[in-house]
Each structure stands twice: as structure tokens, then as C-alpha cells.
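This report describes one protein chain, going from its overall make-up to individual side chains. The sequence and the coordinates are shown first, and the text is best read beside them.

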Amino acid sequence: MKKSIIAFLFCLPTLMFSQNEWTLKKDDDNIKIYTRDAANSNIKEFKAVTTIDTGSKHILDELLTAPDYYENCEPNTSYYVKKLNENQHVFYAHKDLPWPIKDRDIITLLTVNKINSKTIKLTLESLPEELPKKDKTIRVKKLMGHWLLEEVEGKTKVTQQLFLNPEGSLPSFVVNSLLIKGPYKTFKDLHKTTTHSK
């Protein structure tokens with residue numbers, strides 16, 4: 001799980017979320033993945049939804065778990081950089097992409113908002129200047145999204161919604177083709193690491 005929470009973002013200009021209808025693209029293993037067109041962009045946004053047999057606190061703990069960041073961290077892993085305050089956390093991820101595509105990295109600010117005792121929203125946004133840029137790597141600057149954890153009778157409905165511009169010259173059809181695989185794997189991993197954790 002530590003290797004996929006933020007890293008999967010790279011499988012995906014940030015404006016407001018569009019109001020277009022969601023289209024179901026995958027429904028398997030209690031995981032549903034939707035996409036929809038985003039305003040003024042050829043890149044789509046996605047929404048993933050599942051229900052996990054555990055409380056929202058255990059899922060929150062898992063989402064905040066990652067190894068500590070270090071300068072030459074290995075690619076395809078999410079690293080915990082620092083805690084800004086009780087509700088804000090900074091993560092770093094580097095995606096190693098095949099030549100001739102340049103690698104990407106992203107620094108993400110995750111803000112935890114406990115709406116009530118059973119509902120938690122985690123807002124995601126980019127912090128591109130938080131760490132020095134790396135050679136031969138494109139820093140992702142635009143990101144907008146959230147996790148929503150809604151607990152009912154000991155189970156938690158988990159929703160992840162995200163729109164990210166990977167920058168550079170990646171064709172939009174390539175980016176859009178990866179919007180299913182990344183979130184699906186992340187949710188599968190989340191089921192494995194949190195199910196029955198009470």
C-alpha cells in the first residue's frame with residue numbers, strides 16, 4: 001500500500017471539477033471506476049468508489065502511512081515528507097517512466113477534515129516548490145482531488161476523485177487510458193491492508 005497511494009497519480013491544467021456526467025468504466029471486486037470529461041482539458045478526471053469492512057480511522061491511518069522521504073528515494077513509491085500541523089501532511093512521489101518519456105515527480109499536500117465522527121475528507125493539492133527539483137524529471141504542478149471516507153455500521157464507503165495534469169508532451173489519450181488501472185490497483189491494495197481492521 002505504501003508504494004501505491006500517491007504513485008498511482010502518475011497514471012493520470014487544473015480548473016474546477018467539471019459538471020459532466022460520470023461514465024462507469026470498471027465494476028469488479030466491489031470497486032467501481034468512473035471517468036468524465038474535464039472542463040477545458042483533453043485529460044479526464046476519475047472517481048473510484050468501494051466499501052471496506054473496517055472503520056474510517058483505520059483507512060485514514062493507512063492513507064497517512066509511508067516511509068520517510070530521503071533525497072535519493074527509489075521511484076514508484078510515496079514518501080512522507082513532513083507534518084505541517086495536526087491536519088496537514090506533505091508527501092513526495094517519483095514515477096520512473098520508460099525512455100523517451102521523462103520521469104515525473106509530485107509533492108502533495110494532504111489536508112484532513114473530520115466532518116463528523118463518521119465522515120472524513122482528505123483534500124489533495126500540489127506543492128511544487130516544497131522541495132528542490134530533480135534533474136531529468138518533470139515536476140507536476142497542477143493537482144486537484146480528494147478522498148472521502150464515510151463510515152456506516154462499521155464499514156466505510158471510500159471515494160477517491162482526482163484530476164491531475166502530468167505536464168510535458170504526454171498525449172491525452174495515453175493519460176486517459178491509464179485512469180482505470182492505477183486507481184483499481186490502489187483500491188485493491190487498500191482492501192488487502194485494511195479489511196477486518198477494527
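A residue is called buried here when its relative accessible area is under 20%, exposed when that value is over 50%, and partly exposed in between. Ala38, with a relative accessible area of 8%, is therefore buried, although Ala38 is found in the loop between strand 2 and strand 3. The C-alpha atom of Ala38 is separated by 8.1 Å from that of Phe163, a residue 125 places away along the chain.

**Overall make-up and confidence**

The model is a predicted one, and its chain has three helices and 10 strands. Read from the N terminus, the elements follow the order β-β-β-α-β-β-β-β-β-β-β-α-α. Of the 198 residues in the chain, 49% are buried, and the accessible surface comes to about 10,100 Å², with 50% of it belonging to carbon and sulfur atoms.

The average pLDDT of the chain is 84, and 83% of the residues score at least 70. Confidence is highest in strand 7 (residues 119-126), at a mean of 96, and lowest in helix 2 (residues 172-177), at 67. Over residues 1-18 pLDDT stays under 50, and for this stretch the model has 80 contacts beyond four places in sequence. Where pLDDT is low, the predicted coordinates should not be read in detail.

**Strand 7 and Ile120**

Ile120 lies in strand 7 and is buried, with a relative accessible area of 5%. Leaving aside residues up to four places away in sequence, Ile120 touches Ser56, Leu60, Val112, Asn113, Lys114, Trp147, Leu148 and Leu149. With Leu148 the C-alpha to C-alpha distance is 5.9 Å, while the two residues are 28 residues apart in sequence.

**Helix 3 and its surroundings**

Helix 3 has 14 residues and reaches 20 Å from its first C-alpha to its last, which is close to the 20 Å expected at 1.5 Å a residue. Which of its residues are buried? They are Gly182, Pro183, Tyr184, Thr186, Phe187, Asp189, Leu190, His191 and Thr194. An α-helix has 3.6 residues a turn, so residues three or four places apart point the same way. The buried residues of helix 3 pack against strand 1 (23-28), strand 2 (31-36), strand 3 (45-52), helix 1 (56-63), strand 9 and strand 10 (155-165).

**Aromatic rings and charges**

The chain holds four aromatic pairs. In one of them, the ring centres of Tyr70 and Tyr79 lie 5.5 Å apart with the planes at 90 degrees, so this pair is edge-to-face. Its two members differ in their cover, since Tyr70 is partly exposed at a relative accessible area of 39%, whereas Tyr79 counts as buried at 3%. The rings of Trp147 and Phe187, by contrast, have their centres 5.7 Å apart and their planes at 10 degrees, so that pair is stacked. The stacked pair links distant parts of the chain, with Trp147 in strand 9 (residues 142-152) and Phe187 in helix 3 (residues 181-194), 40 residues apart. Trp147 and Phe187 are both buried, and Trp147 is also one of the residues that Ile120 touches.

Lysine side chains meet aromatic rings as well. The table gives two cases in which a charged end sits over a tyrosine ring; in the first, the ring belongs to Tyr184, which is among the buried residues of helix 3.

| Charged residue | Ring below the charge | Distance from ring centre |
|---|---|---|
| Lys26 | Tyr184 | 4.6 Å |
| Lys47 | Tyr34 | 5.2 Å |

**The loop between strand 1 and strand 2**

Two backbone angles deserve a look here. Asp29, found in the loop between strand 1 and strand 2, has a phi near 55 degrees, a positive value in a residue other than glycine. Asn30 lies in the loop between strand 1 and strand 2 too, and its phi is likewise positive, at about 65 degrees, although Asn30 is not a glycine. As for solvent access, Asp29 is partly exposed with a relative accessible area of 41%, and Asn30 counts as partly exposed at 45%.

How values were computed
Residues are numbered from 1 along each chain as its sequence is written. Side-chain values use heavy atoms; hydrogens and water are left out. Helices (H or I, at least four residues) and strands (E, at least two) are DSSP runs, numbered from the N terminus. Buried means under 20% relative accessible area, exposed over 50%, partly exposed in between (1.4 Å probe, protein chains only). Accessible areas come from the Shrake-Rupley method with a 1.4 Å probe; for residues, only the protein chains shown count as cover. Rings of Phe, Tyr and Trp (its six-membered ring) pair if their centres lie within 6.5 Å; planes under 30 degrees apart count as stacked, over 60 as edge-to-face and the rest as tilted. A charge sits over a ring if NZ of Lys or CZ of Arg is within 6 Å of the ring centre and within 35 degrees of the ring normal. The expected span of a helix is 1.5 Å times one less than its number of residues. Contact means heavy atoms within 4.5 Å. pLDDT is the predictor's confidence in each residue, from 0 to 100.
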